[in-house]
Amino acid sequence: MNYRKLGKTGFEISEISLGTWQIGGKWGSGFSDKTAEKTINTAIDKGINFIDTADVYEAGLSEKAVGRVVRSRSERVFVATKCGRQINPHTAQNYTPEALTAYVEESLKRTGFEALDLIQLHCPPTDVYYRPEIFETFQKLKDQGKILHFGVSVEKVEEALKAIEYDNVETVQIIFNLFRQRPSELFFERAKKKDIGIIARVPLASGLLTGKFDKDASFDKEDHRNFNRNGEAFDKGETFSGIDFDRGLKAVEELKKLFPEVQNLAPIALQWILKFPEVSCTIPGASKEEQLLSNLSIYDRPELSNDKIKEMNKIYDEYLKQEVHHRW
């Protein structure tokens with residue numbers, strides 16, 4: 001495992017870390033404490049020391065499982081969680097210092113931690129980024145010793161650029177992968193100047209970049225890849241990185257031609273992300289141990305050549321850029 005600095009936090013974290021949106025389950029298909037605990041323990045055994053969760057993942061069960069396992073281990077494992085998505089209706093005016101403070105208190109109880117290593121606003125409406133009192137709330141929580149560091153999880157590059165204008169924002173979690181490349185332009189440059197930790201989320205484009213799907217792929221009723229392809233429930237960009245599924249499959253077929261000997265494209269997609277030194281870590285999700293080990297097989301592969309990277313980027317330019325680049 002390789003480690004990188006998470007911006008101003010000073011944390012040295014595993015470049016491949018663990019996202020827990022679907023830990024112990026699979027987007028609405030039930031939660032298994034046993035599966036979750038086994039996956040998290042294996043991650044730590046393999047050198048992962050940064051785990052990302054949220055209060056809304058499996059209605060708090062993800063936070064509880066992460067906290068339970070991390071407290072049982074002797075290793076220093078950094079835990080990032082998020083708040084704000086519980087707000088219903090999810091509008092900017094419903095974001096209040098009182099509500100957010102209460103969510104932090106609840107996360108502390110679920111995880112069992114004395115302080116949260118990193119708390120992140122969880123993809124709030126754009127107008128929230130223009131309300132200084134919301135960002136001041138987290139400075140107060142830090143002063144009270146309830147949180148150690150503060151960051152944001154965003155949908156759009158513009159939101160990330162606005163967020164890092166606040167001095168107490170130390171990390172930005174943003175969708176970044178081979179099929180969503182815009183963050184590597186202006187945002188990465190600005191983030192580097194301000195020593196912002198960048199957490200690359202949705203690194204496999206909701207599984208599309210594993211190369212395991214075809215046009216006949218089906219998903220569970222409660223799986224966002226079934227019900228949110230056009231943004232019916234939340235931002236469209238969360239699902240398959242916002243690209244049309246069939247068009248994404250065509251791009252994946254071109255990617256397979258570049259790596260004809262490879263059965264699982266996931267490690268290659270992760271290698272592409274980690275070629276950017278501005279990225280502190282990426283957080284592929286895993287509902288079970290096997291998926292985690294698949295992601296970590298990145299270390300069994302040779303480095304990507306510059307020629308391969310150019311060819312991969314060419315696929316994005318030809319098949320996807322026009323559809324997604326300007327939107328997020």
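Student: Why is Asp 307 called exposed?

Tutor: Asp 307 has a relative accessible area of 57%. Exposed means over 50%, so Asp 307 is exposed. Keep in mind that this is a predicted model.

Student: Where is Asp 307, and what does it form with Glu 311, Asp 317 and Glu 318?

Tutor: Asp 307 belongs to helix 11, residues 306-319. With Glu 311, Asp 317 and Glu 318, Asp 307 makes up a surface patch.

Student: What makes this patch negative?

Tutor: Asp and Glu count as negative, and the four members are Asp 307, Glu 311, Asp 317 and Glu 318. The patch is therefore called negative.

Student: How many disulfides are there?

Tutor: The count is 0.

Student: How do you know that Cys 83 is in no disulfide?

Tutor: The nearest cysteine sulfur to that of Cys 83 belongs to Cys 123, and it is 12 Å away. A disulfide needs two cysteine sulfur atoms within 2.5 Å. At 12 Å the pair does not meet that limit, so Cys 83 is in no disulfide. Cys 123 is likewise in no disulfide, with the sulfur of Cys 83 as its nearest, at 12 Å.

Student: Are these two cysteines buried or exposed?

Tutor: Cys 83 has a relative accessible area of 0%, and Cys 123 has 5%. Buried means under 20%, so Cys 83 and Cys 123 are buried.

Student: What makes the contact of Lys 193 with Glu 189 a salt bridge?

Tutor: The closest N and O atoms of Lys 193 and Glu 189 are 3.8 Å apart. The limit is 4 Å, so this pair is a salt bridge. The structure holds 24 salt bridges.

Student: Why are Lys 193 and Glu 189 separated by about one helical turn?

Tutor: Lys 193 and Glu 189 stand 4 residues apart in helix 6, residues 186-193, and therefore about one helical turn separates them.

Student: Why does Lys 193 count as exposed, and what is Glu 189 called?

Tutor: Lys 193 has 67% relative accessibility, and the exposed class is over 50%, so Lys 193 is exposed. Glu 189 has a relative accessible area of 44%. Between 20% and 50% a residue is partly exposed, so that is the class of Glu 189.

Student: How do you know that Glu 253 and Lys 256 meet in a salt bridge?

Tutor: The N to O distance between their side chains is 3.4 Å. That is within 4 Å, so Glu 253 and Lys 256 form a salt bridge. They are 3 residues apart in helix 8, residues 245-258, and so are separated by about one helical turn. Glu 253, at 39%, is partly exposed, and Lys 256, at 28%, is partly exposed.

Student: What makes Lys 275 and Glu 303 a salt bridge?

Tutor: Their N to O distance is 3.1 Å, which is within 4 Å, so the pair counts as a salt bridge. This pair links distant parts of the chain, 28 residues apart. Lys 275 is in the loop between helix 9 (266-274) and strand 10 (279-282), while Glu 303 is in the loop between helix 10 (289-296) and helix 11.

Student: Which of the words buried, exposed and partly exposed fits Lys 275, and which fits Glu 303?

Tutor: Lys 275 is partly exposed, because its relative accessible area is 35%. Glu 303 is exposed, because its value is 69% and the class starts over 50%.

Student: Which residues do salt bridges that share partners join into one network?

Tutor: They are Asp 33, Glu 37 and Arg 68.

Student: What is the phi of Ser 206, and why is Ser 206 called buried?

Tutor: Ser 206 has a positive phi of about 60° although it is not a glycine. Ser 206 has a relative accessible area of 8%; the buried class is under 20%, so Ser 206 is buried. Its place is the loop between strand 9 and helix 7.

Student: Why is Ser 241 called buried?

Tutor: Ser 241 has a relative accessible area of 0%, and that is under 20%, so Ser 241 is buried. Ser 241 sits in the loop between helix 7 and helix 8, and its phi is also positive, near 60°.

Notes:
Residues numbered from 1 in each chain as written. Predicted model: local features only at pLDDT ≥ 70, side-chain atom pairs only at ≥ 80, totals over all residues. Heavy atoms only, no water. Patch = residues over 30% accessible without salt bridge, like charges linked within 9 Å, V, L, I, M, F, W, Y side chains within 5 Å. Areas by Shrake-Rupley, 256 points an atom, 1.4 Å probe, with all protein chains shown as cover. Charge placed at Lys NZ, Arg CZ, Asp CG, Glu CD. Helix = DSSP H or I, 4+ residues; strand = E, 2+ residues; numbered from the N terminus. Buried < 20%, exposed > 50% of the residue type's maximum accessible area, 1.4 Å probe, protein only.
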